[in-house]
Amino acid sequence: MRFSSMLQSVKLVLAFQRETIRGGIIMNEMPIGRIVSMIHRQNQKFLSKELKPYELGNGGQQAFLKTIIAKPGINQDELSSLLKFDKATTARAVKHLEAVGYIDRHTDTNDRRSNNLYPTTKANNVFPEIQKVLARLNKEITRNLSEEEETQLIQLLKKIYPELMDMAGEKDK
């Protein structure tokens, strides 16, 4: 999906949120969760398409790879905690990254039940291209925002996240 069609979808959502009457209740805005969900889906569609040549798909595989490159030797539990993914999702991502040659697993010398994860030369060589895709997406998503609006948006989303964790009965690890 092109950036322009992704942004057009977001614009349509925002236009839809204008006052509508349903069942006698005036709805001034579409629920925030729905807007965030729709943006996330468009984001995932773009990443799936753009990262396909690098054998990375959905499920945040690029986030796992980026973290392993930034923290060579990290174990899967630490990776799950840092990225806020469950252990099963992390295990699938790690298995895929290993299968396509981006990471190596080594048994931890202090805890034989744990694997330490290291990026391969292949991962280090391709990652600058993956970073370009991610930077392009972020730039395009925020192109209609001023720097101040972008900063404010990030601050507001970061403010909302801990509250959702509390509501879900999860503590921020």
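Here are some exercises with worked solutions on helix packing, salt bridges and backbone angles in this predicted model.

**Exercise 1**

Work out how helix 3 and helix 4 sit against each other, and which residues make the contact.

*Solution.*
- Start with the description we need: two packed helices are described by the angle between their axes and the distance between the axes.
- Helix 3 covers residues 61-70 and helix 4 covers residues 76-83. Their axes are 11 Å apart and make an angle of about 120°.
- That angle makes helix 3 oblique to helix 4.
- As for handedness, helix 3 and helix 4 cross in a right-handed way.
- Now pick out the touching residues. Helix 3 brings Ala 63, Phe 64, Thr 67 and Ile 68, while helix 4 brings Leu 79, Leu 82 and Leu 83.
- Sort them by class and you get six nonpolar residues, one polar and no charged ones.

**Exercise 2**

Do the job again for helix 3 and helix 6: find the angle, the handedness and the make-up of the contact.

*Solution.*
- Helix 6 runs over residues 121-141, and helix 3 packs on it at about 130°, with the axes 11 Å apart.
- So helix 3 is oblique to helix 6.
- The crossing of this pair, helix 3 and helix 6, is left-handed.
- On the helix 3 side, look for Gln 62, Leu 65, Lys 66 and Ile 69. On the helix 6 side, look for Ala 123, Asn 124, Phe 127, Ile 130, Gln 131 and Leu 134.
- By class, the contact between helix 3 and helix 6 holds six nonpolar, three polar and one charged residues.

**Exercise 3**

Take the salt bridges of Asp 111 with Arg 113, Lys 132 with Glu 129, and Arg 143 with Glu 140, and decide how exposed each partner is.

*Solution.*
- The idea behind the pairing is that side chains of opposite charge can pair when their charged atoms come close.
- Searching the whole structure turns up eight salt bridges.
- Asp 111 and Arg 113 pair with N and O 3.1 Å apart. Asp 111 has 27% relative accessibility, so it counts as partly exposed. Arg 113 reaches 76%, so it counts as exposed.
- Next, Lys 132 and Glu 129 pair, with their closest N and O atoms 3.2 Å apart. They are three residues apart in helix 6, which means about one helical turn separates them. Lys 132 is exposed at 52%, and Glu 129 is partly exposed at 34%.
- Then comes Arg 143 with Glu 140, at 2.8 Å from N to O. Arg 143 is partly exposed at 44%. For Glu 140 the value is 18%, and buried means under 20%, so Glu 140 is buried.
- There is also a network: Lys 49, Glu 50 and Arg 136 are joined by salt bridges that share partners.

**Exercise 4**

Where do Glu 55 and Lys 84 lie, and how exposed are they?

*Solution.*
- Begin with the backbone. Glu 55 is not a glycine, yet its phi is positive, at about 60°.
- Place Glu 55 next: the loop between helix 2 (32-51) and helix 3 holds this residue. With 39% relative accessibility, Glu 55 is partly exposed.
- Lys 84 is not a glycine either, and has a positive phi of about 65°.
- Lys 84 belongs to the loop between helix 4 and helix 5 (87-99). Its relative accessible area is 35%, so Lys 84 counts as partly exposed.

Notes:
Residues are numbered from 1 along each chain as its sequence is written. This is a predicted model: local features need pLDDT of at least 70, side-chain atom pairs count only at pLDDT 80 or more; totals for chains, interfaces and linings use all residues. Side-chain values use heavy atoms; hydrogens and water are left out. Axes are lines fitted to C-alpha atoms, for helices over the stretch in contact, and angles run from 0 to 180 degrees between N-to-C directions. Helices (H or I, at least four residues) and strands (E, at least two) are DSSP runs, numbered from the N terminus. Angles under 35 degrees count as roughly parallel, over 145 as roughly antiparallel, 65 to 115 as roughly perpendicular and the rest as oblique. A crossing is left-handed if the near helix is turned anticlockwise from the far one by less than a right angle, and right-handed if clockwise. Contact means heavy atoms within 4.5 Å. Ala, Val, Leu, Ile, Met, Phe, Trp, Tyr, Cys and Pro count as nonpolar, Asp, Glu, Lys and Arg as charged, and the others, Gly among them, as polar. A salt bridge is a side-chain nitrogen of Lys or Arg within 4 Å of a carboxyl oxygen of Asp or Glu. Buried means under 20% relative accessible area, exposed over 50%, partly exposed in between (1.4 Å probe, protein chains only).
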